[in-house]
Amino acid sequence: MPQIHLVGVSFAYNDAVPLVVDASIQLEAGWTGVVGPNGAGKTTLLRLIAGELRPDAGRLQSVPPGLAVHLCSQEVERLSSGVELFAARRDRDANRLRARLRLRPPELERWASLSPGERKRWQIGAALAEAPGVLLLDEPTNHLDAEARADLLAALDDYDGVGVVVSHDRAVLERLTRHTLRVRDGELTLQRGAYASARAAWDSAEAALRSQRERLSNERRKERKRLADKRRARARAESSMRTSKQMKNARDSDARLRGKQKRRRSAEVSLGRDVQLSRRRLNRIDGALEELSVDKELGRSFFVDFVPAPVPHLMVREAAPLVRGGRTLLDAPPLSIGRESRVHLTGPNGAGKSSLLRELVDGARVPAERLLHLPQELSETEGCELLHRVRTERPELRGRLMGVVATLGVDPDALLGSERPSPGEARKLALACGLARQVWGLVLDEPTNHLDLPSIERLEAALRAYPGALLIVSHDEAFADPLCEERWQLDDARLAFASRPRVETRTPR
């Protein structure tokens, strides 16, 4: 059976932020799901296994030696030679795999106009066609609709090598994986079972931490009261000592007076020791509480000074066909997004959802800086430019923006000190820019792409509190539907409309 061994592996891009510290794990045949916060090092782990990065310490080895490794990255912009070779093959295995994933070789002629979901199917199909001993997938279901996801999972089920998948898609993790690997704070923790069972174990541990935090908070309140009482007692003792030196009772002999003063000095010294001990206990409790941090939430109070748009409609598109690459994607009726609209736009890959978003943004009736349009993907260059702009913002706005970044699950200091943000960090940074500036409208194309599961829950809470217009394209109905009051279904060049009450869901802990 093929295996991958990590033995004492450590890696860091710089000394300040180690991503893997002395990790020793064994990955076996079958699928292992990799989860963890954005920026924790999940993609870095895949690159280490693929040999794109060399560990600072330790080693990686395959059993048997020389296993072929194929890494499918998150990026799908470039038409690779591997995809071209897969499209050109005419053997039975390649034909069967293309049919299974609904891939047609003539599509490559219009690669630039293919949706990211269509490109992703080609990318993974080409990887499966190579039958590598180790297959590494980084967010394989980003951009995929429900049908395409089902096709892909069916194909991945048959893979019999060492499979490692980084994903925020709970359906994928439950369906595909047999082990779960958690990457957090430089540690790799491997646990048997799919995500649900692993999450249950983590929730239990988190509950114990919350209980411990509550106990420590109570201890801190009591210790602060004891410290205040001891300080008052010490102050009284010092005052009494000063007074006793100045006032001598007529009945006191010199020996008796010396005895009283000695007892007072002894009591004062004892109280001083008690104050020091209490202060040390309090410092220990404060330190323990600092390590037991809890997630912040972006509540409605953050938007208490939100000023609505002065116009009733932020974006308007007149009735006209939506055409791309010579194809009519939509025979569109007139469309508008009001200043309080909350719309979920859905439909299969390639239906034209992203193109429709672009046309709506182009038809905005408000200044561009009062809208945030988050595309499906931000390039590495765009992420770096965004981080640079944030670093040069005026302190007041930068502080507000970093507060939102922290709420979305990113360490502001680590982000500002990094060379470049990860794809997930870049998306959170872009979202934070819009929320911190209190833009009038958010236009979000697959906003959960590259986000870890805790981040998705935090984002959902933030968008639930947001009072402006919201237009979301998402295949994750469990995320988008509770946030929206309208559903636009785009399919077969037609747009269907449905209204629904907005669902108030429980804010995650």
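Contact here means heavy atoms within 4.5 Å. The views below come from a predicted model.

**View 1. Leu-429 and its contacts.** Setting aside neighbours within four places in sequence, Leu-429 is in contact with seven residues named here: Leu-386, Leu-387, Val-390, Leu-401, Met-402, Val-405 and Leu-415.

**View 2. The largest nonpolar core holds 73 residues.** Leu-429 is among the residues with the most contacts inside this core. The others are Leu-345, Leu-401, Leu-442 and Leu-463. Helix α13, residues 423–436, contributes the most to the core, giving eight residues. Another core lies apart from this one. That other core has 30 residues, including Val-83, Leu-101, Leu-114 and Leu-152.

**View 3. A cis peptide bond joins Val-63 to Pro-64.** Omega is near -5° at this bond. Pro-64 sits in the loop that runs between β4 (57–63) and β5 (69–72). Most peptide bonds are trans.

**View 4. Glu-139 has a positive phi.** The angle is near 55°, and the residue is not a glycine. Most residues other than glycine have a negative phi. Glu-139 lies in the loop between β6 (134–138) and α5 (146–157). Buried means under 20% relative accessible area. Glu-139 has 4% relative accessibility, so Glu-139 counts as buried.

**View 5. His-450 also has a positive phi.** Its value is about 70°, although His-450 is not a glycine. The residue is found in the loop between β16 (441–445) and α14 (453–465). His-450 counts as buried because its relative accessibility is 4%.

How values were computed:
Residues numbered from 1 in each chain as written. Predicted model: local features only at pLDDT ≥ 70, side-chain atom pairs only at ≥ 80, totals over all residues. Heavy atoms only, no water. Helix = DSSP H or I, 4+ residues; strand = E, 2+ residues; numbered from the N terminus. Buried < 20%, exposed > 50% of the residue type's maximum accessible area, 1.4 Å probe, protein only. Core = buried A, V, L, I, M, F, W, Y, C linked by side-chain atoms within 4.5 Å.
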